[in-house]
Amino acid sequence: MANRAFEVARLPGFRTIALTAFVLLYLPIITLVIYSFNAGQSVAVWEGFSLDWYAKAWENEAVKGATYRSLIIAATASAIATTVATMAALGTTRRKAFKGQTAIYVMINQPLMVPEIVTAVALLIFFASIKVATGYTGLWYLIIAHAAFCVPFAYLPIRARLEGMDLTLETAAGDLYASHWQTFRYVTLPLMLPGIIAGAMLAFVISLDDVVITEFVKSGGQDTLPTYMLGQMRRAITPEVNAISTVLLALTVALLTAFFLLTRKNDK
Amino acid sequence: MTTIPTAVEAKSIVKAFGQGAVAIKALDNVSIEIKQGEFFTLLGPSGCGKTTLLRLIAGFDTPTSGKILLNGDDITHLPPNKRPVNTVFQSYALFPHLTVAENIGFGLQMQGRPKAEVTESVARMLALVQLEPMANRKTSQLSGGQQQRVALARALAPTPKVLLLDEPLSALDLKLRKEMQIELKRLQQETGITFVFVTHDQEEALTMSDRIAVMSAGHVQQIGTPRDIYTRPANRFVASFIGETNFLSGQSDGTSVTLANGARLPMSAPQGRVNLTIRPEQLRVVPLGTEGAMPAHVASTVYFGTDTHLHLHLEGGIDIVARQQSPAQGGEAMKEGTPVGVLFAEGALLALED
């Protein structure tokens, strides 16, 4: 490693470029966080420190409703997506390469490649006809839509975990009197659990963050936090949006940190 | 011998991989009987079918045809978790998410044994393999030799009728391997469990086994005690695979054979051309002119520490290797080109089937 012929870090201007990239990435976010503590009405002029906007957002019934909806959808959808992804990962790994394997990978990961707006329009039209036929207008449309595009995010870490698993361990469990179910319960599942948790958390964050598909699929009064904030932007922008964003950011960072710690532990 | 009951019997086992014309027979009509309490070794080069046979006994594969019997019961189609047979895997296959004690207790727990019995059994196994202080460690925190002992304890804990060992020592360095060989033999004697041991290491097989089955290309070449196999190899493959040996050819008249250098040696062998073998340590290098000795000269010498190999040229184009104890300190190795005489130890020259 020490004598690699090509080292990016040694190119001239490397530090400047890297620093610029980081500033561009994080400066806007830092600004957003700072102005969430602004005492005044503006998101651009600093008028002193206060937690008023957090209190305001906390008392806002619309924010409360959107938060509640966001959490319900994210929790349910990520649970469904993780279950599906776990089964898909079990079915597609730990076996000899089979015909159509790549095709199946592509199909499972399709939501990563199809433009989100296309999926959104398709779901809108598809669910519209179901709404007409059944009259049901509840949250399940959003939950199913979210579950569908969360599957690949849950699938990838689970598959990575399973691919690194030694199949001899399951043979050994069978040799030691474990039935198929016991082998799964006491060997396979505990070993793939870090992957499952990582996948579930990733799916949760992705669902929590979604705007495009939610905006298209939601019925009236079904705003989630991101779509509520988008709606607010159209009117007057107050630091309340900053406050909500900061909370979302904190939650996401917490989950992604946990994800990172879990996947890092896997490597040992 | 005949009163000891059979533990494992393989009857006319054929195992083919692939279908039709491209099928490869990993085992071709193999029959083996393993006695209870025996340390039985399947020995052969890689690809000879020894691991395949072990997997059939464990139940990880089913034979294409033939039967596997355990204590007389047909277990050919029983799944591995229904067979009172445990395996020590080449890679150990220890459960990384469990502690040493949990690994050892796994089999008993899956059998639904009471907790007290599991705890007691695990403690006994930990003592047996001398790993008591490690009970609550994760297996990744152990050295290779310790992991090996956990694998052994885990497989022995449910007191199987037969313990299968798939090249368990191949990942260890030489010194540890020698220690584990002794340890394995001790465990086998203490537990009285039948061991079926797979290895490609002929020295390991000779030192540990009660009996050895030498395998090659899906066939059993010879079954016998280490002494039998070494001193009376059934064919050329066994003679060359176990230890080092010299091959000669001769002409037999029924009561004596004539070698290419004209020497006539009394031995009974079928008339006509015969293949002969003699171990290097059965050759005696003596001063030229000793009575009955065949004239030769030293082509080269190779020093091995305790032994020295003398490569000898005999008349008639015979090349042969003699093993001698190395001379004591200060002794001089024989120079190349030195004329000597060679004697064959009585009864050491063997005729081989082809």
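Here are some notes on this two-chain model, which is predicted, with points on chain B, the interface, one helix, one buried glutamate and a surface patch.

1. **Chain B overall.** Let me start with the general layout of chain B, which has 8 helices and 20 strands. Its C-alpha atoms fill a box of roughly 80 × 55 × 40 Å along the principal axes. Of the 354 residues in chain B, 50% are buried. Among contacts in chain B with a separation of 6 or more, 65% are between residues 24 or more positions apart. The accessible surface of chain B is about 16700 Å², and carbon and sulfur atoms account for 51% of that area.

2. **The interface in numbers.** Chain A and chain B bury about 1700 Å² between them, with 68% of this area coming from carbon and sulfur atoms. On the chain A side, A:Asp175, A:Leu176 and A:Tyr177 lose the most area to chain B, together 46% of what that side buries. Counting residues in the contact, chain A contributes 17 and chain B contributes 23.

3. **Polar links across the interface.** If you plan to look at electrostatics here, note that the rule finds 0 salt bridges across the interface of chain A and chain B. It does find 5 residue pairs in polar contact there, both partners being at pLDDT 80 or more. As for secondary structure, helix 8 (168-175) and helix 9 (180-209) of chain A each supply at least two residues of the side that touches chain B. The largest share of that side, 7 residues, comes from helix 8 of chain A.

4. **Helix 8 of chain A.** This helix deserves its own look. Because 6 of its 8 residues are buried, helix 8 of chain A is largely enclosed by the rest of the structure. The buried residues are A:Leu169, A:Glu170, A:Ala172, A:Ala173, A:Gly174 and A:Asp175. Their cover includes helix 9 of chain A, and from chain B it includes helix 1 (50-58), strand 6 (85-88), helix 2 (100-110) and helix 4 (144-156). After helix 8 of chain A comes A:Tyr177, with a positive phi near 75°. A:Tyr177 is also one of the three chain A residues that lose the most area to chain B.

5. **A buried glutamate in chain B.** B:Glu38 sits in the loop between strand 2 (24-35) and strand 3 (39-43) of chain B. Is this residue buried or exposed? B:Glu38 counts as buried because its relative accessibility is 6%, and the cut-off for buried is under 20%. Its side chain makes a polar contact of 2.5 Å with the side chain of B:Arg211. Leaving aside neighbours within four places in sequence, the contacts of B:Glu38 are B:Gln188, B:Ile193, B:Thr194, B:Phe195, B:Asp210 and B:Arg211.

6. **A nonpolar patch on chain A.** A surface patch of about 1100 Å² is formed by nonpolar residues, among them A:Phe22, A:Leu25, A:Tyr26, A:Trp46, A:Phe49 and A:Val253. Helix 1 (14-35) and helix 12 (239-267) of chain A each supply at least two of the patch residues. Helix 1 of chain A gives the most, with 6 residues.

7. **One member of that patch.** A:Val253 is found in helix 12 of chain A. With a relative accessible area of 45%, A:Val253 is partly exposed, and this residue helps to make the nonpolar patch.

Conventions. Residues are numbered from 1 along each chain as its sequence is written. Chains are lettered from A and ligands numbered from 1 in the order in which they are written. This is a predicted model: local features need pLDDT of at least 70, side-chain atom pairs count only at pLDDT 80 or more; totals for chains, interfaces and linings use all residues. Side-chain values use heavy atoms; hydrogens and water are left out. Patches are made of residues with over 30% relative accessible area and no salt bridge: like charges are joined within 9 Å, nonpolar side chains (Val, Leu, Ile, Met, Phe, Trp, Tyr) within 5 Å. Accessible areas come from the Shrake-Rupley method with a 1.4 Å probe; for residues, only the protein chains shown count as cover. A salt bridge is a side-chain nitrogen of Lys or Arg within 4 Å of a carboxyl oxygen of Asp or Glu. Helices (H or I, at least four residues) and strands (E, at least two) are DSSP runs, numbered from the N terminus. Buried means under 20% relative accessible area, exposed over 50%, partly exposed in between (1.4 Å probe, protein chains only). Contact means heavy atoms within 4.5 Å. Buried area is the accessible area (1.4 Å probe) that two parts lose on being put together, summed over both. A polar contact is a pair of N or O atoms within 3.5 Å; within protein, one must be able to donate a hydrogen and the other to accept it, and residues adjacent in sequence count only if both atoms are side-chain atoms.
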